Amino acid sequence: MHHNIRVREGILDQLNKLGRLWNYFLEALSGSEKIYTNGKISKALFMLAIPMVLEMIFESVFAVADIFFVSKLGDDAVATVGITESVITIVYAIGFGLSMATTALVARRIGENKPEEASKVSFQAIVTGVFVSVFIAFAGIFYSKDLLALMGANSTIVNEMSGYATIILGSNVIIMLLFINNAIFRSAGDAALSMRVLIVANCLNLVLDPLLIFGWGPIPAMGVEGAAIATSLGRGLAVVYQFVMLGKGKGKIHLKWKHIQLKWATIKQLVSLSVGGIGQSIIATSSWIGLMRIMAEFGSAAIAGYTIAIRLLIFILLPSWGLSNAAATLVGQNLGANQPERAEKSVWAAGKINVVFLGLMGIVFYLFPRFFIELFTPDEFIVSNGIQALQIISMGFVFYGLGMVLLNAINGAGDTRTPTYFNLISFWIIEIPLAYFLAIQLGWDEKGVFYSIIIAEMTLTLIALFWFKQGKWKLMKV
């Protein structure tokens, strides 16, 4: 009798826990802003991470959707997207750096309970992003063919498919603003709004991609250029939605007419913080450009297989970036509230979740690579290259999981310079020379590139772990 009572009590307890978890899930998606400087860390991490993870999943859908539809046009079309993406990573790098600086400043002001100052910082971040994007657009519009040729693209890609690169680079301001505005929402504690923005953009992209690539009725088939137009339109309308929400001012961040003035001191502080973020991101992403240049030595099929594998990896890694962004927000808000120990506990909690998740996904990718690659193409040459890339690179997933949380936490504290040095060592001093040595000098071909990625990421994680445990990041003032 007593045993049955205990069993029933145990079942009821588990049901209550599931009910609370479901309520937390609904609350996390509700879109209300919160300051996460008290209460359970696990709940704070959950409330921030759920919409951030979903946001990153929807961001990765852009990449996967484009490749899915473009792969029907052949390996040159896939290679065009892959090479352009390796160039557009410079835009991502700058957007990442500016959003990192925005997160550090806005989250700190929110933690200090200074929403008006947070709004001022937000406008200066937007202006800075727009200014930088103008120069990139100029290069993209007038020199896209030269950039593709420099990256080793064949004559078909350069002469017939360069329109994809022209459109993507020419409209880079959309990508920049998407990064910065979503960083503003996340830092203010409303990660759900960032998620909704990406849902809107992706729904539009999924509809427009096949229509513009293959044509339908009066809409002509635009080929690979149609994918670029679809992506730019989807993201562009999402940015419009962002500005509508910032102007409404229902949350802590409310952009008003009085904020539309240049604050050079704030811009200088943003640039100073973002230089480290941009630097580390450019170092990391330019290493991908270097790797793509080495991969170009092995032909379009090798590039196409590598591109598909990387898109699949990004699809899994971006949710983990969402969790890392949650850790960065918690670090910023809690340091602003003078609670460094709570900030550190938040990071370790996020790190453990990331390691388990990516470790499991690494096993799945290693055991069943063909299934995932064949979702995109039946071409056996591309499939075999993609399988090799997916299996080897996924072996390092555990290190990626911990490393990204630690680095984002240090950045969230306002120390963007130190991770720059870590990236320099890992990607420029180790990864690129090692990839060239293994792939070209030792004759490992594509495998040499893939193994260099694992070794570089392991090095980055171990260095970040050592530095984080020293605790100097807790003393940062921004």
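**Exercise 1.** At roughly what angle do the axes of helix α16 (residues 417-441) and helix α17 (residues 446-470) cross, and within what distance do they come? Work out how the two helices run relative to each other.

*Solution.* Keep in mind that this is a predicted model.

- Start with what you need: two packed helices are described by the angle between their axes and the distance between the axes.
- Here, the axes of α16 and α17 cross at roughly 155 degrees and come within 8 Å.
- Now the cut-off: angles over 145 degrees count as roughly antiparallel.
- So α16 is roughly antiparallel to α17.
- As for handedness, the crossing of α16 past α17 is right-handed.
- Finally, look at who sits in the contact of α16 with α17: 17 residues are nonpolar, six are polar and two are charged.

**Exercise 2.** Take Asn-113: find its loop, check its phi and decide whether it is buried or exposed.

*Solution.*

- Asn-113 sits in the loop between α3 (75-111) and α4 (115-150).
- Most residues other than glycine have a negative phi.
- Asn-113 isn't a glycine, yet its phi is positive, at about 65 degrees.
- Exposed means over 50% relative accessible area. Asn-113 comes in at 58%, so it counts as exposed.

**Exercise 3.** Now run the steps for Asn-338: where does it lie, what is its phi, and is it buried or exposed?

*Solution.*

- Look in the loop between α11 (300-336) and α12 (340-367), and there you'll find Asn-338.
- The phi of Asn-338 is positive, about 60 degrees, although this residue is not a glycine.
- With a relative accessibility of 63%, Asn-338 counts as exposed.

How values were computed
Residues are numbered from 1 along each chain as its sequence is written. This is a predicted model: local features need pLDDT of at least 70, side-chain atom pairs count only at pLDDT 80 or more; totals for chains, interfaces and linings use all residues. Side-chain values use heavy atoms; hydrogens and water are left out. Axes are lines fitted to C-alpha atoms, for helices over the stretch in contact, and angles run from 0 to 180 degrees between N-to-C directions. Helices (H or I, at least four residues) and strands (E, at least two) are DSSP runs, numbered from the N terminus. Angles under 35 degrees count as roughly parallel, over 145 as roughly antiparallel, 65 to 115 as roughly perpendicular and the rest as oblique. A crossing is left-handed if the near helix is turned anticlockwise from the far one by less than a right angle, and right-handed if clockwise. Ala, Val, Leu, Ile, Met, Phe, Trp, Tyr, Cys and Pro count as nonpolar, Asp, Glu, Lys and Arg as charged, and the others, Gly among them, as polar. Buried means under 20% relative accessible area, exposed over 50%, partly exposed in between (1.4 Å probe, protein chains only).
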